[in-house]
Amino acid sequence: MTRWEPDRSAPAPHTTPVTSAWTSIWRGARNRCPVCGEGKVFQGYLRLVDACEVCGTPLGRLRADDAPPYFVIFIAGHLLIPPVLWIERAYMPPMWLHMVVWLPAFTIACILLLRPVKGATVGWMVRLGFDGSEHGTPEAPPRPRTPDA
């Protein structure tokens, strides 16, 4: 497995490699290309672009799979379970009130966290050198384009 590097023969000044893992993760979390910091990572809510429009990084071939939802559940649980337990201990509200308050809170937290966490995961994967060819094929076929993804 070789690490993907930007095309150095291209005249674009945006082909410098990422200097740190934190920079790559932060750029991905903000929907910016982990390599150049200018192109977008997503073309829909969670669908990755095929390649960065600025530096050409092949982001569409990366498969984050189950890592982002796992990280989101971990983060949302650590953010919201302590208040749930504290309110239960301090006020003992009825169960229906817990469900009315906490189920929407968990849903909203997970929806808001999923895209930045997936972007950060993709940034981390790019920094680690994944290029999408880890699945046995040197180059994955392009995805069919759909209008709303």
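# Exercises on a predicted three-helix model

Ser-24 counts as buried, because its relative accessibility is 0% (buried is under 20% relative accessible area, exposed over 50%, partly exposed in between, with a 1.4 Å probe and protein chains only). The model is predicted, so local features need pLDDT of at least 70 and side-chain atom pairs pLDDT 80 or more, while totals for chains, interfaces and linings use all residues. Residues are numbered from 1 along each chain as its sequence is written, and side-chain values use heavy atoms, without hydrogens and water.

**Exercise 1. Find the place of Ser-24 and state which backbone oxygen its side chain reaches.**

Step 1. Ser-24 sits in helix 1, which covers residues 21–29 (helices are DSSP runs of H or I of at least four residues, strands runs of E of at least two, numbered from the N terminus).

Step 2. From Ser-24, the side chain reaches the backbone oxygen of Gly-123 at 2.5 Å (a polar contact pairs N or O atoms within 3.5 Å, one able to donate a hydrogen and the other to accept it; residues adjacent in sequence count only if both atoms are side-chain atoms).

Step 3. Put together, Ser-24 is a buried residue with a polar contact to Gly-123.

**Exercise 2. Describe the protein as a whole: its helices and strands, and how much of it is buried.**

Step 1. The count gives three helices and zero strands, and along the sequence the pattern reads α-α-α.

Step 2. The protein has 149 residues, and 34% of these count as buried.

Step 3. Take the contacts between residues at least 6 apart in sequence: 60% of them join residues at least 24 apart (contact means heavy atoms within 4.5 Å).

**Exercise 3. How many salt bridges does a search of the whole structure find, and which side chains meet in a salt bridge?**

Step 1. The search finds one salt bridge (a side-chain nitrogen of Lys or Arg within 4 Å of a carboxyl oxygen of Asp or Glu).

Step 2. The partners are Asp-65 and Arg-63, whose side chains meet at 3.5 Å, N to O.

Step 3. Arg-63 counts as partly exposed because its relative accessibility is 46%.

Step 4. Asp-65 belongs to the loop between helix 1 and helix 2. Its phi is near 50°, a positive value in a residue other than glycine.

**Exercise 4. Locate Met-92, give its phi, and decide whether it is buried or exposed.**

Step 1. Met-92 lies in the loop that runs between helix 2 and helix 3.

Step 2. The phi of Met-92 is near 45°, positive although the residue is other than glycine.

Step 3. Met-92 is exposed because its relative accessible area is 61%.

**Exercise 5. Follow the chain after helix 3 and say which residues Phe-130 is in contact with.**

Step 1. Helix 3 is followed by Gly-129, where phi is positive, near 100°.

Step 2. Phe-130 is found in the segment after helix 3, a helix that spans 95–128.

Step 3. Phe-130 is partly exposed, because its relative accessible area is 31%.

Step 4. With neighbours within four places in sequence left aside, the contacts of Phe-130 are Leu-62 and Met-125.

Step 5. Pro-58 is 72 residues from Phe-130 along the chain, and 9.9 Å separates the C-alpha atoms of the two.
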